[in-house]
Amino acid sequence: MNPTEITTQISTAANILNIDKWDYGASFSNDYSVQVDRGAAKQLKASQKQVITLRVWNKDNLVGITTTSDLSEAGIKKALRQANIASEFGNKNEFTDFSPLAKDPIHIKEVDKKNPLGIKKLLKILREAESKLIDSHEAIKSIPYNGLSESFYERIYANSDGAFRNYSKSQAAIYLYARAEEKDKKPRSSGSVKLGYGVEDIDIESCIKEAAKKTIAHLDYSSIKTDKYLICLSPEAFLTIMNAFSSIFNARSIIDGVSLSDKNSIGELISIPALNIYDDGLNDKNISSAPFDGEGTPTKKLILINKGKLENFLHSESTAKIFNTIPTGHAGLGSKVSVSPDWLVIEKSNECSDLNKSLVHTNYQGDFVYIEELNAIHAGVKASQGSFSLPFEGWLYRNGKKRSIESATVAGDIKYLLKNIINIENEKELTTSGISPHVWINELSITGDE
């Protein structure tokens, strides 16, 4: 069934049921994924999914919502009835409506259509990658976490007011996480992830080399003394921590009382003037870009922090109405409309005279801790309080030489971190979650084994 037929079928069923106001978001996908264990197939998956989320407004303008995978005439009628019944229990304190931008033009990125390779080819490619990674160093004994996947999907949004939009795309991913063991030493692990529009777009050799290089480098490790250290956050680590504290920019979190910001925080200086942060879901480097959100609002580039000052919040239709502004294209359709960032881009502003530009991770000769990757984000971050305590993979640098840190935890406060940035390097790097340079923090507490 194509998108136009689905919309027509929903509209017809709604007329029969005397439902005047409705909208829906739909997702259709074909997914294929494989995992291996020393050459043997560990897990093979192929699935076809179809999900429609329907919202219905009753005569009192209260909203009910339901989800169904039954696209038959009877299934759609049943879903509309259920949503209509649910609307009687809608939130009377916060009224939701169609996005006022649901009919605005959208920008759909033109990419070559990819065809599925299928399970057999995926399995062959991953087996070869696993074998090459194990053979790359005698200490690498296994690749306990690995996977190769491809997904082909279509997203739709339409409403009873005439809005209609859809897009389709493909995405592929590979991850290789190696385990190395040497006599009288603890096992060490590291890995690499690569994305593409299709498997043929992914540089699998670079994924193998990166996973091997990182894993082998961690074989020479030592403990670290508990103390405060000069910190350099990798692009991936800085993006991880900014996404973990994205409630700072999230209007839904502010309304729910679980954000460090409030309605009057726009214009507040929350970082050093050298920092700019954008949400740029349509960035050409973003493999997962979507031209509209769950409410049909077009995706756009939005500056969140401008020269250290909080400039914008992320909004759905209902939060925008409360804040007397417009939706920003960050809503997710659900029983309660969620708000979340798409793809963060970090950069240095032109207000950077106070930075210590001698701090460059590739040539700085002083002592510092390089945090490569932060772990246990869901357990170690208290977003509503601003605090974090996170285990990490990283390095202790002394006199230009580095040594892997055996095990350690970094702790601090996001407000302190943002205001104690002492350098933002010039070169930006592409990661799977955004773009960022290396960012230096004056001091953070490290808890080690000494």
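Hi everyone. About 30 Å³ of space lies in the second largest cavity of this structure, and that is where I'd like to start. One thing to keep in mind throughout is that we are looking at a predicted model.

So, what lines this second largest cavity? Going along the chain, you meet Lys-114 and Asn-115, then Glu-150, Ser-151 and Phe-152, then Ser-170 and Gln-171, and finally Tyr-197, Gly-198, Val-199 and Glu-200. Strand E4, residues 140-159, and strand E5 are the elements that give two or more residues to this lining. E4 provides the largest share, with three residues. Sorted by class, the lining has five polar, three nonpolar and three charged residues.

Now for the other one. The count of cavities of 30 Å³ or more comes to two, and the largest holds about 110 Å³ of space. Its lining includes His-107, Ile-108, Lys-109 and Val-111, then Tyr-167, Ser-168 and Lys-169. Tyr-197 is on the list as well, along with Leu-282, Ser-289, Ala-290 and Pro-291. If you were listening closely, you'll have caught Tyr-197 in the lining of the largest cavity and also in the lining of the second largest. By class, the largest cavity is lined by seven nonpolar, three polar and two charged residues.

Let's move on to salt bridges. How many does the structure hold? The total is 19, and I've picked a few to show you.

Here is Lys-77 with Glu-73, whose side chains meet at 3.8 Å, N to O. Both sit in helix H2, residues 73-86, four residues apart, which is about one turn of the helix. Are the two partners buried or exposed? Lys-77 counts as buried because its relative accessibility is 19%, under the 20% cut-off. Glu-73, at 52%, counts as exposed, since the cut-off there is over 50%.

Next comes Glu-317 with Lys-321, a salt bridge at 3.1 Å, N to O. These two are four residues apart in helix H7, residues 317-322, so about one helical turn separates them. Glu-317 has a relative accessibility of 5% and therefore counts as buried, while Lys-321, at 43%, counts as partly exposed.

The pair I'd like you to find on the screen now is Glu-205 and Lys-132, whose side chains meet in a salt bridge at 2.6 Å, N to O. This one links distant parts of the chain: Glu-205 belongs to helix H4, residues 204-217, and Lys-132 to helix H3, residues 119-135, with the two 73 residues apart. Glu-205 counts as partly exposed at 35% relative accessibility, and Lys-132 counts as partly exposed at 42%.

There is also a network. Which residues does it link? Glu-94, Arg-252 and Asp-256 are joined through salt bridges.

Last stop, the surface. Tyr-145, Tyr-175 and Val-193 form a nonpolar patch there, and together they have about 300 Å² of accessible area. Tyr-175 is found in strand E5, residues 164-180, and E5 is one of the strands we met at the second largest cavity. With a relative accessibility of 33%, Tyr-175 counts as partly exposed.

To wrap up, we've toured two cavities of 30 Å³ or more, a few of the 19 salt bridges, and a nonpolar patch made by Tyr-145, Tyr-175 and Val-193. Thanks for listening!

Methods
Residues are numbered from 1 along each chain as its sequence is written. This is a predicted model: local features need pLDDT of at least 70, side-chain atom pairs count only at pLDDT 80 or more; totals for chains, interfaces and linings use all residues. Side-chain values use heavy atoms; hydrogens and water are left out. Patches are made of residues with over 30% relative accessible area and no salt bridge: like charges are joined within 9 Å, nonpolar side chains (Val, Leu, Ile, Met, Phe, Trp, Tyr) within 5 Å. Accessible areas come from the Shrake-Rupley method with a 1.4 Å probe; for residues, only the protein chains shown count as cover. A salt bridge is a side-chain nitrogen of Lys or Arg within 4 Å of a carboxyl oxygen of Asp or Glu. Buried means under 20% relative accessible area, exposed over 50%, partly exposed in between (1.4 Å probe, protein chains only). On a 1 Å grid over the protein atoms alone, a cavity is a set of points where a 1.4 Å probe fits but cannot get out, and a pocket is an open set with protein on both sides within 12 Å along at least five of seven lines; lining residues have an atom within 4 Å of a point. Grid points are joined across faces, edges and corners, and a volume is the space filled by probe spheres set on the points. Ala, Val, Leu, Ile, Met, Phe, Trp, Tyr, Cys and Pro count as nonpolar, Asp, Glu, Lys and Arg as charged, and the others, Gly among them, as polar.
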